[in-house]
Structure formats: C-alpha cells, structure tokens
Amino acid sequence: MLTPNGWAAAVAALVFLVASAALGYPELAVFGFAALFALLAAGLWMLARPRLVARREIRPNRVTAGDAAAGVLTVSNRMSRRCPPVSVTESVDGRSVGVPVPSLAAGESHESGYPLPTGRRGVYQVGPLTVGHADPLRLMEVSKRFGETSTLWVHPPVDTVAPLPTGRAQDQDGPTSSLAPQGGIAFHSLREYVPGDDWRLIHWKSSARTGQLMVRHNVVPNEPRLMVVLDTSAAPYDDDSFEHAVRAAASLAVAALRAGFPLDLRTTGGEAATVEEDGLGRTQVLDLLAAVGRDPADQGLAALPALAPEQGAVSLGVVTGRPGATELAVLPRLRPRFLMVSLVQFAATFQAPAQLPGVVSLAARGPADFALAWNELVSP
C-alpha cells in the first residue's frame with residue numbers, strides 16, 4: 001500500500017523522532033510528526049476508494065504488420081460523487097503501459113487510447129490491466145486488477161504473387177471421380193435411380209435399354225488442390241530469413257485463395273489450415289502464420305512424406321531456408337505424388353537455387369526478390 005514516497009516518509013519520521021529524543025533537539029520532532037501526519041492523512045484519503053469499472057477493446061484486433069492498432073480503455077465512475085484522478089497500467093506483451101485517467105464526475109466515463117506494437121508479426125496478449133488510486137502526495141496507493149485479456153493478431157505482410165503452378169488449368173468440366181461431392185455440373189456416370197433423385201436427371205434412353213430407371217450422376221469436378229508447407233524447424237534459418245519465409249508462405253496461400261483453389265496450409269511442426277474457398281478462410285490462414293515460430297525439435301522437411309496426400313491432383317509448394325542436401329533430397333522422391341512440386345528458399349546471402357529433378361526451385365534474399373522472381377518464373 002505504501003509507495004516509495006510513503007516508505008521514505010515513514011523512514012524520515014522514525015529518524016527525526018529518534019534523533020530528537022537522542023540528541024535532545026525538540027525541533028527535529030516537529031519534522032517527524034509532520035511526516036506521521038502526512039501518512040495519517042494519506043491513510044484517511046485512501047479509505048474513500050473510488051468504485052470504477054474498466055473495459056478494454058482492441059481496434060482492430062487483426063492487422064497486417066506495420067498497420068496501426070490501438071487499445072481503447074473506457075473507465076466509468078460508479079460512485080455518487082466525483083472521483084480523483086487515477087492511473088491505469090496496461091500489460092502489453094509483457095511490458096507495462098501507463099494510461100492516465102482524469103478526475104471523473106459521478107456516473108461519468110472516460111475513454112483513452114494507446115498504440116499497440118504492430119511492427120513485427122505475432123500474437124500479442126493485451127492485459128490484464130490495473131487501476132490504481134493514490135493520495136495527492138503519492139504516499140499510499142491501492143490498485144484493482146481486471147484480469148480480462150485481449151488478443152491482437154499481427155499478420156505477416158502479403159505480396160501479390162501468382163499461385164503455385166499446377167501444370168494444368170482450372171476446368172469446370174474437368175476430371176471427376178466417384179468420391180467427388182454430388183450436385184455439381186460435371187457428368188461422371190449413370191447409376192440406378194434411388195428414391196429422392198431429381199427426375200430431371202433421369203436418362204430415358206438408358207432406362208429404356210436396361211429396363212430400369214437410370215439417372216445421371218453429376219459431381220463437382222476435381223479441382224487442383226494447392227498445398228503450401230512452411231518449414232518451421234530452426235536449423236535452416238536466421239531470424240530475418242524465417243520472417244521472409246513466413247511472408248512468402250502467406251503470399252502463396254492468399255494467392256491460392258484469390259484464384260479460387262482449395263488450399264491446405266501446413267507447417268512441418270504440425271499446424272494446419274484447410275480452406276475450401278475464400279472469405280473467412282483467409283483470416284484462418286493468416287492467424288496461423290501470425291503465430292508460427294521456429295522449433296529446434298521440429299524435424300523440418302523430413303516431415304513431408306507424412307503430409308503428402310494419398311491421391312493426386314495436389315500441387316505442392318515448400319517454403320524454407322537453407323536446409324542440407326539430405327533434407328532437400330526428400331522432394332524428388334515425393335514428386336510422383338503431386339501434380340507439381342515447387343521450392344522457395346531464403347538466405348541472407350544469395351545462393352543459386354537447389355537443382356532438384358522435377359522440382360521448380362527459386363532462391364531469394366528477401367520478399368521483394370521473391371515476389372519479382374516468382375512471378376517471372378511461374379507466370380505464363
């Protein structure tokens with residue numbers, strides 16, 4: 001309850017009173033009693049604690065790195081009298097931010113804003129906040145802690161790039177399979193009529209020939225699926241190259257959604273986001289990439305065989321740093337299981353891209369190099 005000023009006043013009172021008695025100088029006692037009187041007045045002041053309610057909002061709670069975001073505190077006075085000024089301390093990603101609040105009339109509210117750190121990708125916890133009340137001399141202070149926390153998502157920047165190459169164009173009447181969802185526009189086969197089938201799908205010629213009702217089995221055509229895998233192991237990166245890799249993975253994922261491709265975003269550490277169409281899927285993907293980090297226990301590209309799909313029609317894009325030749329050798333072995341395999345590597349100093357059979361490779365030092373070289377490499 002005592003502030004540093006309060007402890008100083010208490011020590012001063014004790015020193016002056018002891019010195020007055022020991023040295024026989026009653027004048028020193030005056031200073032000691034003055035300090036005690038100040039502490040007593042502060043204690044009486046603190047008996048009238050303000051009843052305040054504090055509420056926090058993050059506006060907006062999702063931003064791209066470098067964009068502005070703010071915490072907005074609303075403090076309301078619930079007393080029937082004016083409350084003195086109070087200090088509000090907010091915890092932002094482990095550091096304290098002071099937000100002053102002026103004296104409030106009965107029932108009055110005050111809104112204060114403060115900037116939040118958005119310079120670097122990440123997921124930041126904001127809160128809890130502490131509302132402190134002190135006497136005019138700042139000798140004593142009491143505080144109330146509001147335990148609610150809020151989350152600020154700082155997404156990686158996204159560059160405008162072409163989606164992963166698939167080796168074929170999207171086709172609404174493209175290849176189909178019996179496992180594809182029904183109800184599309186692509187004809188797959190004829191089958192026997194079952195109750196509930198649309199009569200408009202009955203194929204009358206085949207029905208007359210076989211002696212039983214046959215219907216057209218229409219499905220959604222198989223669209224190429226794009227899989228973006230971000231290497232989240234520690235060895236291939238330094239701090240900057242990992243951030244470049246996250247940004248490139250975000251750019252490729254958003255490019256897939258923008259082009260209307262189904263997307264599987266994976267990390268070698270096990271995080272995954274599957275998006276069938278754009279919309280909320282973009283937020284899901286960028287939230288995942290805002291939170292990823294390097295992990296020394298991550299096995300890196302050695303995890304790729306377990307991520308490979310059992311069926312084809314998937315184009316793979318791998319984003320990494322500078323792993324060793326043994327780790328990279330897994331890509332040619334996986335090539336037959338994908339439509340195409342692409343590799344993007346980042347390093348602080350330029351190195352020629354890895355030459356791997358059947359793999360489209362690109363090496364870059366930073367985001368600008370990547371976007372320019374990628375679009376030149378894969379655009380028709």
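The following conversation asks why certain words are used for parts of this predicted model.

Guide: In this predicted model, local features need pLDDT of at least 70 and side-chain atom pairs count only at pLDDT 80 or more, while totals for chains, interfaces and linings use all residues. Residues are numbered from 1 along each chain as its sequence is written, and side-chain values use heavy atoms, with hydrogens and water left out.

Visitor: Why is helix 1 called roughly antiparallel to helix 2?

Guide: Helix 1 (residues 4–23) and helix 2 pack at an angle of about 155 degrees, with their axes 7 Å apart. Angles under 35 degrees count as roughly parallel, over 145 as roughly antiparallel, 65 to 115 as roughly perpendicular and the rest as oblique, and therefore helix 1 is roughly antiparallel to helix 2.

Visitor: Why is Leu40 called exposed?

Guide: Leu40 has its place in helix 2 (residues 26–47). Buried means under 20% relative accessible area, exposed over 50%, and partly exposed in between (1.4 Å probe, protein chains only). Leu40 has a relative accessible area of 54%, and so Leu40 is exposed.

Visitor: What makes Ala313 partly exposed?

Guide: Ala313, found in the loop between helix 6 (304–307) and strand 15 (314–320), has 23% relative accessibility, and therefore counts as partly exposed.

Visitor: What makes Asp287 and Arg62 a salt bridge?

Guide: A salt bridge is a side-chain nitrogen of Lys or Arg within 4 Å of a carboxyl oxygen of Asp or Glu. The side chains of Asp287 and Arg62 meet at 2.7 Å, N to O, in a salt bridge. This pair links distant parts of the chain, with Asp287 in helix 5 (residues 280–291) and Arg62 in strand 2 (residues 62–64), 225 residues apart.

Visitor: Which of the words buried, exposed or partly exposed suits Asp287, and which suits Arg62?

Guide: Asp287 has a relative accessible area of 11% and is therefore buried, whereas Arg62, with a relative accessible area of 33%, is partly exposed.

Visitor: How do you know that Glu57 forms a salt bridge with Arg59?

Guide: The closest N and O atoms of Glu57 and Arg59 are 3.4 Å apart, and the two residues form a salt bridge. Glu57 counts as partly exposed at 29% relative accessibility, and Arg59 counts as partly exposed at 39%. Both residues belong to a network of salt bridges that links Arg55, Glu57, Arg59 and Glu111.

Visitor: How many salt bridges does this rule give?

Guide: The count comes to 13 salt bridges.

Conventions:
Helix = DSSP H or I, 4+ residues; strand = E, 2+ residues; numbered from the N terminus. Axes fitted to C-alpha atoms, helices over the stretch in contact; angles between N-to-C directions.
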